[in-house]
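Here's a quick walk through one protein model, with a stop at a pocket, a ligand site and a salt bridge. Have the structure open and follow along.

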Amino acid sequence: MTETEVQRQKEIQQAEELLFAGPQALGFAKGLFQGHFVSDWVMPYPRIPPAQQTELDKTLAELREFLDAKLDPVAVDREADIPREVIDGLGRVGVLGMTAPKGFGGCGFTQMANCKVLEEIGSRCGSTSVFVNAHHSIGIRALILFGTNEQKQTWLPKLVTGEWLGAFALTEKEAGSDAANVQMHARPSEDGSHFILNGEKRYITNAAIARVLTVMARTPVPGSDKTAITAFLVTPDMPGFEMLEPRMPKMGIRGTATGRFALRDVKVPKENILGPPGKGLKVALTVLDFGRTTFGACCTGAAKTCLRLATQHANTRKQFNKTLGNFHLVKKKIARMAADAYAMEAMTTMTASLIDRGLEDYMLETAMLKVFTTERLWEAINDAFQIHGGSAYFVDLPLERMVRDARINQIGEGSNEVLTSFIALVGMRGPGMEFKEIYDTMLKPSRAGIGRAWTAGMHRLGATVRIPDVPVRSAELKSFANQLGRLIWRFNFAVNRALIAYREPILDLQLVQERIAGAAMDLFASTCVLSRLDAETQFGQRNGESPASKNYAAELFLRQSFRRIRGFLAGLSDNDDKAVLKTADSVLG
Ligand SMILES: Cc1cc2nc3c(=O)[nH]c(=O)nc-3n(C[C@H](O)[C@H](O)[C@H](O)COP(=O)(O)OP(=O)(O)OC[C@H]3O[C@@H](n4cnc5c(N)ncnc54)[C@H](O)[C@@H]3O)c2cc1C
């Protein structure tokens, strides 16, 4: 085997251990790749239970009142700081411990309810939403999910009020997108009472203001010469903790304190290990699933702000003796923003509900949500900016700040390229394994193997011949449901074809992966929109709304999304991939 092949096998083995160990229930997104519409997870559209809705409404009212009075996003950006008064206020409203258990002082909110809170903050200030995400969605998440009762007792009560702040420290110079390449190491002390940590972390939100940091470091695997990543709770008062740069000056989300720090022989008690030793990467990926969900919520809030600003401007600014909203090229932008904002909200709610309802594995859906909402928001901001013309360029309007703030979204918590590839490969693994079983059996037949291959073959074939049923309740949505079912069938066919055509090299074919992931994301987004629209239509009919009160934005989204899916699938056979790669190679040298 060549060195590259050895490395490839190692990566495959790592991914298998990390992502696919344990029982694999068929979630919604994985089902799509197998040609199934796993309706139980997505229909009917999830609702926050009435008791929690009342609590949420109260919290949102309180939050809005507080933010109106105290949060000045312009000052946050200008001063490059979120005032302590704002942080304390967020703590008082409960935002900093929203999903933490009530027993430890948190609000015990579901992820769905939490997303509504983050949507509100995201609609106002990029810095504040990233600060809250860094503290609550990822900073204290490992403690909430993996902490022992004792650890939670010790740390959580002050973290949920904001008296202490949290941070999540994974990124290093050599471990950015390649998160598994953490170099910070943790050596056990001779008496086994603590670990000695050495290394540097960079780009860590809240690092300089956090009292507790979840830090990923490499520990030896007992009885072998291997190492694995372990999560530790580290506090900045530990001797050897050195803040190298507390606030790295930056383009956007300037109110957040993004820092760089070193640990030099820092002794961390073994009681501060979070989750199983050596399973830190799994801890990190699970934590990031939560971060990506609230990312979706914040982007939804910001997209709604774009829509509001663009609509106001298009209705008031006159050129050629007409308001801008009269021009079709402006209408087109407004319509797309409305359609996308509706979809972003539906997708966020649905993904959060998967977590709340106990789906074991939602990594595909959270990755899809993150890529989809960050890309849609970027487009919405660009469109709102364009509609505002030159005025958007000046600092008295929020749009130039929103552009700067939003740019991190496509990079942070997994760059969109890495996640796009991840979506395609994780999604295709299910059907890929079935094909592998069939191939392997053909090569060395055995009685048991033939049985397994036969089952796998029938499974594949079954999905290939059946168009999945998309069970909407509203008669007027049946046509959309049928189109969606047919597209899922075509998607599954395309996935199978790609697997047969490319086999293992597909692991490197990112241009193919991008189309497959793109189609999968739009299938998921369309499902969320259809489910939401179905629920709203049913509600409207029960409450005597006129059947004419159509939701144009939702329907436009479905049309545009279906068109994009058809485009992605067509691109699998009609593309310029070879020319693209040759050109890039000729430039890269
Ligand atoms: C403001 C800010 C706040 C942050 N907060 C935190 C935090 O709180 N905690 C934390 O741990 N980290 C944090 N980060 C780090 C962030 O998660 C990383 O920047 C991100 O993971 C990307 O890593 P990188 O910057 O090293 O880019 P690189 O890994 O160098 O990647 C650069 C680009 O290369 C491309 N690329 C890389 N790999 C692939 C691939 N396999 N296929 C295709 N394209 C690829 C992508 O386009 C990517 O954007 C923060 C970063 C910023 C800027």
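## A pocket, a ligand and a salt bridge

Helix H17 gives the most to the lining of the second largest pocket, with six residues. Keep in mind while you look around that this is a predicted model.

That second largest pocket holds about 580 Å³ of space. Its lining counts 21 residues, and those closest to the pocket centre are Tyr45, Pro46, Arg47, Ile48 and Ala535. If you want to find the walls by element, look for helix H3 (50-70), helix H6 (111-122), helix H11 (328-356) and helix H17 (510-542), which are the elements that give two or more residues to this lining. What about the chemistry of the lining? The residues of the second largest pocket's lining split into 10 nonpolar, three polar and eight charged.

Now over to the ligand. There are 18 residues around the ligand, and Phe168, Thr171, Ser177, Tyr203 and Thr205 come nearest. By class, the shell around the ligand is made of nine nonpolar, seven polar and two charged residues.

Which protein groups meet polar atoms of the ligand? Here are three such pairs, with their distances.

| Ligand atom | Protein partner | Distance |
|---|---|---|
| oxygen | Leu170, polar backbone atom | 2.9 Å |
| nitrogen | Thr171, side-chain N or O atom | 2.6 Å |
| nitrogen | Gln510, side-chain N or O atom | 3.0 Å |

How much of the ligand does the protein bury? Taken alone, the ligand exposes 980 Å², and the protein buries 66% of that. The elements that give two or more residues to the shell around the ligand are strand S1 (166-169), strand S3 (194-205) and helix H14 (416-443). Strand S3 supplies the largest share of that shell, three residues. Thr171, listed above among the residues that come nearest to the ligand, is also a partner in the table, through an N or O atom of its side chain.

Last stop: salt bridges. A search of the whole structure turns up 31 of them. One to pull up on screen joins the side chains of Arg254 and Asp77, at 3.6 Å from N to O. Arg254 sits in the loop between strand S6 (241-245) and strand S7 (258-269), while Asp77 belongs to helix H4 (residues 73-79), so this pair ties together parts that are 177 residues apart in sequence.

Note on methods. Residues numbered from 1 in each chain as written. Predicted model: local features only at pLDDT ≥ 70, side-chain atom pairs only at ≥ 80, totals over all residues. Heavy atoms only, no water. Near = heavy atom within 4 Å. Polar contact = N/O pair within 3.5 Å; in protein donor to acceptor, adjacent residues only side chain to side chain. Areas by Shrake-Rupley, 256 points an atom, 1.4 Å probe, with all protein chains shown as cover. Helix = DSSP H or I, 4+ residues; strand = E, 2+ residues; numbered from the N terminus. Nonpolar A, V, L, I, M, F, W, Y, C, P; charged D, E, K, R; others polar. 1 Å grid on protein atoms, 1.4 Å probe; cavity = no way out; pocket = protein on both sides within 12 Å on 5 of 7 lines; lining within 4 Å. Points joined across faces, edges and corners; volume = space filled by probe spheres on them. Salt bridge = Lys/Arg side-chain N within 4 Å of Asp/Glu carboxyl O.
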